[in-house]
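Take a walk through this structure, from its aromatic pairs to its core, its pocket and its backbone. Keep the 3D view open as you read.

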Amino acid sequence: MRFTTTLLLLPAALTLAQDQKPLGFFGMDFEPYFEKAKAYLPAALSSPVTTGASAIAAKNVVPLTNDNWKSILTPSPSATTASGPEKWMILISGGNKTCFGKCGDVERAWNESAAIFAADPTAPHLGSIDCESQTILCSTWLTGPAAIYYVLLPVPAADQSKPATTIYTVTLNTTTVTAKEIVEIHTKKTYEQAPTYEGLFHPFDGTFAKLGVNVAVGYVLWAFGLLPSWTFMILISFVSRSIMNRRIGRQDATMAQGRPLGGAPAANQ
């Protein structure tokens, strides 16, 4: 049991070693030895390590759904304006339909980062949205995989006024993303290099959210997404035919009255 625990902690220790240069004895650089240790780590250990990271992520990451996201993404009662906005990191992921089966590496890196964040007292709150099962929520937010939303939830002021909620949208590379990269979104504030979410569909401050119709709009977009592409072609064809038929009907009526198409009265013979 002790040997298994050591093996599970070794990859996390090696990952953290990448972010700092060990001093060693007499100023020696031991970083190459850490790299060699990583190289000698048996491939057979990947499965239990991944399982351990997934278990930690399942405990520390809050799954957001269409029913709970509004109640969860609110400042905690103990938060104060002096402490600043509450920080959330939200993974936007999916499956075969919404992520084309390319989110596996993203989720593994996310789980590993969640295990590292579990030992960090300054870590943000962690959440996730699976667009495969939460299509309406992803439509409401007008988002899709693979990305991380770094959300700064403001604490209401003394007069209960609520400042704007800032959301940084960090796009993830589905083939090269690593746990180190995800951790640095918070530790090195790389999220500040990402664009901020703005526009009608902003989950908290957008026009639809302020009018209270963002969820309804999400349902509409979700319904349109269920329609096959040929449905729109038939609709466009039907509309164009209706317009042409009305135009031809007006032309026939004008000619029947003995007037030219320009609308001027016919010349007396």
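The paragraphs below go through the model one feature at a time. The model is predicted.

Start with the rings. A pair of aromatic rings is described by the distance of the centres and the angle of the planes. The count of aromatic pairs in this model comes to seven. Take Y149 and Y197. Their ring centres are 6.0 Å apart and their planes stand at 85 degrees, so this pair is edge-to-face. The cut-offs behind that reading are centres within 6.5 Å and planes over 60 degrees apart. The contact links distant parts of the chain. Y149 belongs to strand 4, residues 147-153. Y197 sits in the loop between helix 7 (179-187) and helix 8 (207-211). The two residues are 48 positions apart. Are they buried or exposed? Y149 has a relative accessible area of 5%, so it is buried. Y197 has 12% relative accessibility and therefore counts as buried too.

Now look at Y150 and Y191. How are their rings arranged? The centres are 3.9 Å apart and the planes are at 5 degrees, so this pair is stacked. Y150 lies in strand 4, and Y191 in the loop between helix 7 and helix 8. The pair therefore ties together parts that are 41 residues apart in sequence. Both Y150 and Y191 are buried.

Y149 and Y197 also belong to a cluster. Ring pairs join them with W69, W141 and F204.

Next comes helix 5, residues 104-117. It has 14 residues, and at 1.5 Å a residue it should span 20 Å. Its end C-alpha atoms are 20 Å apart, so the model agrees with the expected span. Which residues of helix 5 are buried? They are V106, A109, W110, N111, S113, A114, I116 and F117.

Helix 5 leads to the largest nonpolar core, which has 26 residues. M89, W110 and I148 touch the most other members of this core. The elements that give two or more residues to the core are strand 2 (86-93), helix 5, strand 4, strand 5 (166-171) and helix 7. Which of them gives the largest share? Helix 5 does, with six residues.

Strand 4 holds another buried residue. A147 is found there. Its relative accessible area is 8%, so A147 is buried. The C-alpha atoms of A147 and I90 are 8.3 Å apart, although the two residues are 57 positions apart in sequence.

A second long-range pair starts in strand 1 (residues 61-63), the place of V62. At 28% relative accessibility, V62 counts as partly exposed. Its C-alpha atom is 8.9 Å from that of I129, and 67 residues separate them along the chain.

Turn now to empty space. Rolling a probe the size of a water molecule over the atoms shows where empty space is left. The second largest pocket has a volume of about 320 Å³. It is lined by 13 residues, and T98, T135, S139, W222 and G225 are the closest to its centre. Helix 6 (135-141) and helix 9 (214-226) are the elements that give two or more residues to this lining. Helix 9 gives the most, with four residues. What classes of residue make up the lining? Six are nonpolar, five polar and two charged.

Finish with the backbone. Most residues other than glycine have a negative phi, and most peptide bonds are trans. Some sites here depart from that. The peptide bond from P145 to A146 is cis, with omega near 0 degrees. A146 is placed in the loop between helix 6 and strand 4. L142 is found in the loop between helix 6 and strand 4 as well. Its phi is positive, near 50 degrees, and it is not a glycine.

K189 also has a positive phi, of about 55 degrees, although it is not a glycine. Where does K189 lie? It is in the loop between helix 7 and helix 8. Y191 and Y197 are in the loop between helix 7 and helix 8 too. K189 has 44% relative accessibility, so it counts as partly exposed.

Methods
Residues numbered from 1 in each chain as written. Predicted model: local features only at pLDDT ≥ 70, side-chain atom pairs only at ≥ 80, totals over all residues. Heavy atoms only, no water. Phe/Tyr/Trp six-rings, centres within 6.5 Å; stacked < 30°, edge-to-face > 60°. Buried < 20%, exposed > 50% of the residue type's maximum accessible area, 1.4 Å probe, protein only. Expected span 1.5 Å × (residues − 1). 1 Å grid on protein atoms, 1.4 Å probe; cavity = no way out; pocket = protein on both sides within 12 Å on 5 of 7 lines; lining within 4 Å. Points joined across faces, edges and corners; volume = space filled by probe spheres on them. Nonpolar A, V, L, I, M, F, W, Y, C, P; charged D, E, K, R; others polar. Core = buried A, V, L, I, M, F, W, Y, C linked by side-chain atoms within 4.5 Å.
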